[in-house]
Amino acid sequence: MKTFTLAALILILCHAYMNIREDHAAVRVQRVVLFCHSFSFSSSQRYNKYKYSDKNLYRYSYLQLAKDSSSTSTSTSTSSSTSTSGSSSSNSNPNGNGSILKNRRDVIMDTTTNAAKTAVTAVSSLILLQNNPSPSLAIDEDGTSTSTSTFKNSISLNSSSSCSSEGSSSTSTFTSKPFPLASFGLQIYDNDKAYKLTTIALQTGYRNFFASVLAGNQKGFAKAIRDSNIPLSDLYICGTVLSNRAVGYKAAYSKTKQGCEENLNIMNQYSNGKIQKLDMIMLDYPALDEESIRGQWDAFQDFQRMNNVNDLALSNFNAKQLDCILVNNDSLCSKPTVNQLPFSIANHPGYMMEENEKRNIHVQSWSPLSTTLPRYRDVMADIGKKYNKNAAQVGLRWIVQSGGSYCVQSQKESHFREDLDVFDFELSEKDMEVLNTLAPPRLLG
């Protein structure tokens, strides 16, 4: 009876919450945190209890991440930087207190549980936040970024690789395209819907696409790219790999390598050969320990050596996990360019941007509006009136001026256009300060 009552309550909350803006509901399905376990167990206990359960979905707790980052900042403040990366050279024990966080999101749960997951996500977003905004990104008067690229509203990523190509001892140069600040990220729906939404995104001007393996619709995406008349040189395409459950270097390497090959093969096949190379490949989540993370990254570097991808990226990595790749790593020859995080007005602890900036890694938000609009719509709408913009556009513009970029999950053509129309105005310093100070209440101390 208790279970039934709780389920009914969750469904009611879910129904109310999802009506806020329907095209951002899908992303909330993927980003659930099971709070009762996140704070009832240590990282190790949570992992041991749930690592083999495909019915549990994980994203790392930002309360724990705050502790990890705090300890990392202390240990790295006196250490030297790695060459050209600006990264800390702390080599703290990843198996100690505040270690690599365990098993965030392994699989997508059955669609029958989507309502419950969405409601839990609404609660989970009220985690401890800090207000320490990052420096603004310079934007020209016409709304374009300071990048001199031919891509509109884009930046140049810190792409640097000393990896040699396969069968050659010489260092190869992997030419990175400009990275558009606005990206469309496909969510969980069938290939027909993926085709339709990708086509709308292309027609409304999106050129940066995030086609995650977690969404399971890369075939539909690739077909839309095939049928468009837009040359591949004008597009920036990112695929992803999910290998965080692999334990040990060899297993992580093998699983990641398999994921890389599957990404490219699917996109190549269903685009009728149009997509022969990816612009970016991204790890959806870090593996469980330093050895496994290095296995993941070495597989990425080998995929790049084979000239299958230009840029390497990751998602949901904290400072310690980044340093598993960047610090004291003899096999490192290509550094991460992007870390995709849930960065937004509703979730912008200072360390999130700071720890990535000092490692020369760009932050892209995978959840720019889903937790922000429910709480701060009125404040953002009031600010937007003076610029003739709506609340969502203010939220996206705040991300850009805070030094990040964003990946939206729109499902309406009007929202596609609105979410792209944020480069013709600039929030005043006063408005930025107001938005910087917005923070939800703390659920737990």
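Colleague: This is a predicted model, I gather. What covers the buried residues of α13?

Modeller: Yes, it's predicted. The cover over the buried residues of α13 includes α14 (391–401) and α16 (429–436).

Colleague: Which residues of α13 are called buried, and what does that take?

Modeller: They're L373, Y376, M380, I383 and G384. Buried means under 20% relative accessible area, so each of those five falls below that cut-off.

Colleague: How do you know that α13 isn't straight?

Modeller: Look at its span. A straight helix of 13 residues would cover 18 Å at 1.5 Å a residue, but α13 (residues 373–385) spans only 16 Å between its end C-alpha atoms. There's also a kink of about 35°, centred on V379.

Colleague: Over to the strands. What makes β6 "mostly covered"?

Modeller: Six of the six residues in β6 (residues 278–283) are buried. Again that means under 20% relative accessible area, so the label fits the strand.

Colleague: Why are β5 and β6 called paired?

Modeller: Pairing needs at least two bridges. Four bridges join β5 (residues 236–241) to β6, so they qualify, and they run parallel. V241 stands opposite L283 in β6.

Colleague: How many bridges link β6 with β7?

Modeller: Five, also in the parallel sense, with β7 at residues 309–315. Here L278 stands opposite V309 in β7. From β6 the chain crosses through helix α10 (residues 290–305) to β7.

Colleague: What makes that crossover right-handed?

Modeller: With the strands pointing away from you, the path from β6 over α10 to β7 runs clockwise, so it's right-handed. β5, helix α9 (residues 249–270) and β6 make a right-handed β-α-β unit too.

Notes: Residues are numbered from 1 along each chain as its sequence is written. This is a predicted model: local features need pLDDT of at least 70, side-chain atom pairs count only at pLDDT 80 or more; totals for chains, interfaces and linings use all residues. Side-chain values use heavy atoms; hydrogens and water are left out. Helices (H or I, at least four residues) and strands (E, at least two) are DSSP runs, numbered from the N terminus. The expected span of a helix is 1.5 Å times one less than its number of residues. The bend at a residue is the angle between axes fitted to the seven residues ending there and the seven starting there. Buried means under 20% relative accessible area, exposed over 50%, partly exposed in between (1.4 Å probe, protein chains only). Contact means heavy atoms within 4.5 Å.
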